[in-house]
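Colleague: I should like to discuss one aromatic pair and one helix. May we begin with the model itself?

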Amino acid sequence: NTSGEVNAVTMASQVKQPQGRGLSSLFSCCFKGSDQPEITYCHDNINTVAILEPTLPMPPLQELDSMFTELVDELDLTEEHRAAMFALPAEKKWQIYCSKKMEAEENKGATSLPEYYIDQLMSIAARKTLLALENEEEQGVHKILDGLKTALRTQSMSFVTRFIELDGLSCILHFLKSMDHETTESQVHTSLIGCIKALMNNSQGRAHVLGHCESINIIAQSLATENIKTKVAVLEILGAVCLVPGGHKKVLEAMLHYQKFASERTRFQTLLTDLDRSTGRYRDEVNLKTAIMSFINAVLSQGAGETSLEFRIHLRYEFLMLGIQPVIDKLHSHENANLDRHLDFFEMLRNEDELLMSKRFDVVHIDTKSASQMFELIKRNLNHTEAFPHLLSALQHCLMMPYKQNSSTLQYWVLLDRIVQQLVLQTDKGENPDVAPLEDFNVKNIVRMLVKENEVTQWKEQADKMRKEHQNLQQRLEKKERECEAKNKEKEDMMEMLNKMKDKLERESNDHKQAKVQVAELSAQLQQLSSTSSVPGGPPVTSGGLVSSGPVPSIPSSSSSSPPPPPPPPPPPPPPGGPPAFGMAPFAPPPPPGAPLGTAQEKNIPWPSKPLKSFNWSKLPENKIEGTIWKEINDLRVFKVLDLEEFQRTFSAYQKPQKDTEDDQSFAKKVKELSVIDGRRAQNCNILLSRLKLTNEEIRHAILTMDEQEDLPKDMLEQLLKFVPEKSDIELLEEHKHELERMAKADRFLYDMSSINHYQQRLQSLYFKKKFAERVAEVKPKIKALSLASREVVQSGTLRQLLEVVLAFGNYMNKGQRGNAYGFKVSSLNKIADTKSSTDK
């Protein structure tokens, strides 16, 4: 046959004893695997398997598959092995089936029935002792137990099922309980433990052993023997049970049972004693020490220890208190690779857990042997919190506990220790992963009662606050009603005044229309007089002056065909010391006849009758006007159409601004929570957070990870930049950091964000990142628009007219060195809005 045929038959006949797999592979702390743990044996006599040629013809394929399925079901294989068996060719399946059937026929007999072994077990257990047995009889007992062990490991599923139905496990456990000292130290004890291991290799047998109420406790009692092989077998069973769901707690309970059975001080004392033995036959005994370390690692890393740091540290403290660390340091001297692997795993897991615990307190290392350091860490974490007074209260009551050395005093401290242990270990569902130090002590129920008591107190405080707020709101409502009545009365007065002003406006409009008619008539008369002005002796009329004498009123002439605008009102007398030319007439007198015509150094600008407010512009000197738009602008033409009296009233420097009589005082919203930042800022921050719909922790994570999840929109980032904690905010919040639970939402947000290093720079970087693509897309259109706008500004005629008006206003308002300007910087246009009128508008 080929090697493939040998492998196929070997898989069927040796499925319960995989070659080369040691018992140390049971523990996932040393080896990784997804299969359920099995307790296996490896024998040297299974390396060769006889391949029997089938003598019967192979049945049809459908019938063969049915027969082969029954055979595979009897073997109790894992899913992986079942799939491998069904994947074999039909010839191989028939060959394996015939081989197993012939093997079953050969083993058929009385010794192959479970009833035979159960009767033998009961008979041997009834003798109570092996002292009366001769050597041959003792060997017979040993042979029977080995036969049962082999049958449980190699027989079909039906054999194991029948053994379980006949309560064979109880017979083995009864035998273990009733053994005398000699039997306990004999090979018979080792064989009985081997039978339990063989039974647990089967899925049904394993479930039956774990479901038995006393099985694990009785197995743990076998640790009391001095037989090293028996101890190793027991530790391997207990270690394997730790890996089964629900088995970890059963092992801890079994060790507590063994503590009482062996009258030990602690439940793991025997293990530490055997681990430390280094004399006599224990000097070079590495297998037992390896099994003990493997079991300890399984206890620490499995069950609740897979996820709970607190549970691992709790159990490790128990081993450390028994002095395991010096023992581990001494065991390295054996230089055994398998033992060193378990020792290294223990130390690695301890270092990882101590590092995690140190990070909780922001320290490098916590010396659990130093009471002062542990107290300082607890004090630092609870200082300035609501829990700190309770810590002080606990310490004060500990001072009052009795200190006399007696049993009752010790129990006080044991009780306190167990209460704290249960507070740390008990889950939210009230379950205890370890044996409960205190029965009927449900931490969750007690905490719920305390929370309810605290809630009642808070409700009372809130009711008092709401009552006071209601009174304040009632007072504010009454004040607002009074204000509304005053406003309504003021509104009625304003409406009455408005109606009067409306009537006055209508009258003035009519007067204005009549004045326009009169102006038109006077213009016509002026034109007629102009046509007759050449008569000798008549009064001379100039295009820019007034008629010197005659009955005709003084009307300025027009240089165009259209009617000229009405003349500005005559200016008042000049102020003392003022230039007479500016005080006597709107325009300077014409130059005398024959005078040379040149560029005037002083512009003929009207002089205001009273001081005006200044227009803050940047004046251009006259020598810089050439080649600019100002060369083409003449602001003197603007003065002919401006109402300078109205302009003086608007921008007078002496008129007092009107006082706002409205009472803008408002009541500050009564703070229900602790808030130390500005109220308006806090309100805006709350609005932002409500729109953001993220917790402080989620915002913090988004900022630290540059918003990988895209939780922060661009507009929200822009708003967040407005609420960067300032130095004064941080100082105020730090003073109240012990009252975090009472902090208002905005205050808590600023406090949490202030703990992020370079928070503002991170926000700005994140905002720049999100806006980058958008800004790049905006650059080209903006440049194009800017170029087009620049051309439009340079070519705009309307802008020239605007600049003329502004230049005229500026020269009129600014006197002395600031006036008499021929142009100004275009940036001065931005300052027009800063020039307020006499009423500050």
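Modeller: Before that, Tyr812 is buried (under 20% relative accessible area, 1.4 Å probe, protein chains only), at a relative accessibility of 3%. This is a predicted model, in which local features need pLDDT of at least 70, side-chain atom pairs count only at pLDDT 80 or more, and totals for chains, interfaces and linings use all residues. Residues are numbered from 1 along each chain as its sequence is written, and side-chain values use heavy atoms, without hydrogens and water.

Colleague: How are the rings of Phe639 and Tyr812 arranged, stacked or tilted?

Modeller: Rings of Phe, Tyr and Trp (its six-membered ring) pair if their centres lie within 6.5 Å; planes under 30 degrees apart count as stacked, over 60 as edge-to-face and the rest as tilted. The centres of Phe639 and Tyr812 are 6.0 Å apart and their planes stand at 55°, so the pair is tilted.

Colleague: Which residues form one aromatic cluster with Phe639?

Modeller: Phe639 is itself buried, with a relative accessible area of 3%. The aromatic cluster joins Phe639 with Phe647, Phe651, Phe809 and Tyr812.

Colleague: What arc do the buried residues of H26 cover around the axis?

Modeller: Helix H26 spans residues 679–692; helices are DSSP runs (H or I, at least four residues), numbered from the N terminus. Its buried residues are Arg681, Ala682, Cys685, Leu688, Leu689 and Leu692. They lie on the same side of H26, because the arc, taken from the directions from the helix axis to the C-beta atoms, is only 120°.

Notes:
Buried means under 20% relative accessible area, exposed over 50%, partly exposed in between (1.4 Å probe, protein chains only). Helices (H or I, at least four residues) and strands (E, at least two) are DSSP runs, numbered from the N terminus. The expected span of a helix is 1.5 Å times one less than its number of residues.
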